[in-house]
Amino acid sequence: MKYSSQAVAKLYFIAAIGLFVGQILFGLVMGLQYVWGDFLFPAIPFNVARMVHTNLLIVWLLFGFMGAAYYLVPEEAERELHSPFLARLLFWVFLVAGALTILGYLLVPYARLAELTMNDLLPTMGREFLEQPTITKIGIVIVALGFLYNIGMTILAGRKTVVNLVLLTGLVGLAVFFLFSFYVPDNLVLDKYFWWWVVHLWVEGVWELILGSILAFVLIKITGVDREVIEKWLYVIIAMTLITGIIGTGHHFYWIGTPEYWQWWGSVFSAMEPIPFFMMTVFAFNMVNRRRREHPNRAAMLWALGTAVMAFLGAGVWGFLHTLAPVNYYTHGTQVTAAHGHMAFYGAYVMIVLTVISYAMPIMRGQEASDRRSQVMEMWSFWLMTVSMVFITLFLTGAGVLQVWMQRYTDVPQSFMVVQQKIEIFYWLRELAGLVFLVGLVLYVISFFVKGGEPARAADTADTA
Amino acid sequence: MRGKPLAIRAEALYLANLMIAPGLAFLLLLALYWKHRHDADPLALNHLSQTVGVSVAGGTLIVAVLAAFLLAGGMESGYTLMVVVLYFTLVHSSLIFMGVFGLIRAMAGEHYVYPLIGRLFRA
């Protein structure tokens, strides 16, 4: 580790992994509730399990992004972090606020939680993914501002690289677009419209900048390819991300009451959204193919390549599958959307956070790479989680296509619950795949405590050739 | 145009055929192959023959199997649609990933044989 202040990232990474485990457990609970309706009812109703599952995902990814920023920004800027104390303080504020919010979801009826947190003064609760009490949202803004100040001051005083500037742009965008969660107009069309400014412009906009910069950083480190080459790729990728992703927001506006021209704008631009993910795949494999050293951290390289592949599949291919307006007319809100959501989040954002953790954690623990046995276990966890996520996606896609056919396309549509019963087998299969995912995650956690086996040594490819 | 640039162009057209200009990009790829089939160096010829061969085989694999699914399952079945969507998505994505590896090899000036079906089209 070049700068001692990079060590604050470790706290964030540990919290991220802990919350990730929680997210998967609640995913399994609600997966079972799909087929066993009163499982854990009334202690954990489906709507609460779903809220905890999705909110934990967002919170742990934010922990991961912040940890990644605290690790890579000092190294890129070639100076210590502006204030490690502030970073630690904000960590505890965010963790306590996040934990209280989740406990609130679980222990208090949602309407009562709104009363307790004085939602009536500035109503922001009740919208999917943005269910957090207003006071939590204000806390998130404060943490984000402190975080951006810390990162921004570090970059301002140090070396400016494409990697840290793209990362900073993404993080600023993340904070700015979150502000739309405070805007809750009475008009439902406007409400939905601006809700997507948070949700879509995060995951198909600024988060991709964060993804691209973290991937570029890790590839610079593990391949030894010239920074200039990687930076040029990064420029093109983020340009394509913004060109396609911003107007691509239109694919959410098809059926919410906005003008019809959004069906054209949304279809055309979002049909191009796979392009940056495709470029990311070419970029990652090209850099690894041109590598000038054999980095001992094989697991990190596997995660990096896996990110590129799975992001393209989940966000690109499965996104394209239902993005054109005439197709989306039938598919919106079905299990096809759930299939896309699962693989896209896993491929693009879960995997990039695990990539940077895989690269940085051994270094923060005093090794260039984990022991061989630990890496083997980590790579097993990679394959178990990734393959099971592919199956989760396939089962949900199968369920979604049948749902579209029986519930929407046919001349004699069947009711929602009748169709749900008919596609029950897919939910069982999805639950089984989810259990395999959990096994992979448990192995991932255990891999941090496994010792033994010689770690592979770094070597220039010229030496080994 | 010889060697690496020609190989890259072949792989790019193969990918364009799968993603942004189906049909048109394939015709351009065929024209490129026809024009350089006698004067291309081994690297370019490898990538030209692989991309043309796999495009034809991949296209056949998609169309023929989808037709078989439709004939066997009938057009009026949700299960047929499900199998068709899953099959097409998986095969099409696999062909894209093979093309990515081919493009990367071409950019590095290396030969490439597509997995499974590529062995049929060695130059």
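Trainee: Before we start, what counts as buried here?
Mentor: Buried means under 20% relative accessible area, and exposed means over 50%, with partly exposed in between. By that rule Glu76(A) and Arg227(A) are both buried. Keep in mind that this is a predicted model.

Trainee: What does Arg227(A) do with Glu76(A)?
Mentor: They form a salt bridge, and the closest N and O atoms are 2.7 Å apart. The pair links distant parts of the chain, with Glu76(A) in helix α2 of chain A and Arg227(A) in helix α8 (residues 227-248), 151 residues apart.

Trainee: Which residues are in the network with that pair?
Mentor: Salt bridges that share partners join Glu76(A), Arg227(A) and Glu231(A) into one network.

Trainee: How is chain A divided?
Mentor: Into domain 1 (1-160) and domain 2 (226-449). Their C-alpha centres lie 21 Å apart. The contact takes 28 residues from domain 1 and 32 residues from domain 2.

Trainee: How much area do domain 1 and domain 2 of chain A bury between them?
Mentor: About 2,600 Å², with 81% of it on carbon and sulfur atoms.

Trainee: And the polar side of that interface, what is the count of residue pairs in polar contact?
Mentor: The count is 3 residue pairs, taking both residues at pLDDT 80 or more. On the domain 1 side, the elements giving two or more residues are α1 (8-33) and α2 (46-77) of chain A. Of the elements on that side, α1(A) gives the most, with 12 residues. As for salt bridges, the rule finds 1 across the interface.

Trainee: Switching to chain B. How many residues does each chain put into the contact between chain B and chain A?
Mentor: Chain B puts in 23 residues and chain A 20 residues. The buried area is about 1,900 Å², and carbon and sulfur atoms give 86% of it. In chain B, Met82(B), Phe97(B) and Ile104(B) lose the most area to chain A, together 27% of what that side buries.

Trainee: What are the salt bridge and polar contact counts between chain B and chain A?
Mentor: There are 0 salt bridges between them. The count of residue pairs in polar contact is also 0, with both residues at pLDDT 80 or more. The elements of chain B that give two or more residues to this side are α1 (3-19) and α4 (78-107). The largest share, 16 residues, comes from α4(B).

Trainee: Back to the inside. How many residues are in the largest nonpolar core?
Mentor: It has 200 residues, and those with the most contacts inside it include Trp60(A), Phe65(A), Trp202(A) and Ile214(A). Helix α7 (residues 188-223) of chain A gives the most to this core, with 22 residues. The core draws at least three residues from each of domain 1 and domain 2 of chain A.

Trainee: What does Ile214(A) touch?
Mentor: Leaving out residues up to four places away in sequence, Ile214(A) touches Phe65(A), Ala68(A), Leu72(A), Leu167(A), Ile352(A) and Val356(A).

Trainee: How many salt bridges are there over all chains?
Mentor: The count comes to 11. One of the pairs is Asp191(A) with Arg127(A), where the closest N and O atoms are 2.7 Å apart. Asp191(A) is in helix α7 of chain A and Arg127(A) in the loop between α4 (110-116) and α5 (134-157), 64 residues apart. Both residues are buried.

Trainee: And Glu368(A), buried or exposed?
Mentor: In between: Glu368(A) is partly exposed because its relative accessible area is 37%, and the range between 20% and 50% is called partly exposed. Its side chain meets that of Arg293(A) in a salt bridge, 3.1 Å from N to O.

Key:
Residues numbered from 1 in each chain as written. Chains lettered and ligands numbered in written order. Predicted model: local features only at pLDDT ≥ 70, side-chain atom pairs only at ≥ 80, totals over all residues. Heavy atoms only, no water. Core = buried A, V, L, I, M, F, W, Y, C linked by side-chain atoms within 4.5 Å. Buried < 20%, exposed > 50% of the residue type's maximum accessible area, 1.4 Å probe, protein only. Helix = DSSP H or I, 4+ residues; strand = E, 2+ residues; numbered from the N terminus. Domains from an automatic or database assignment. Contact = heavy atoms within 4.5 Å. Buried area = accessible area lost by both parts, 1.4 Å probe. Salt bridge = Lys/Arg side-chain N within 4 Å of Asp/Glu carboxyl O. Polar contact = N/O pair within 3.5 Å; in protein donor to acceptor, adjacent residues only side chain to side chain.
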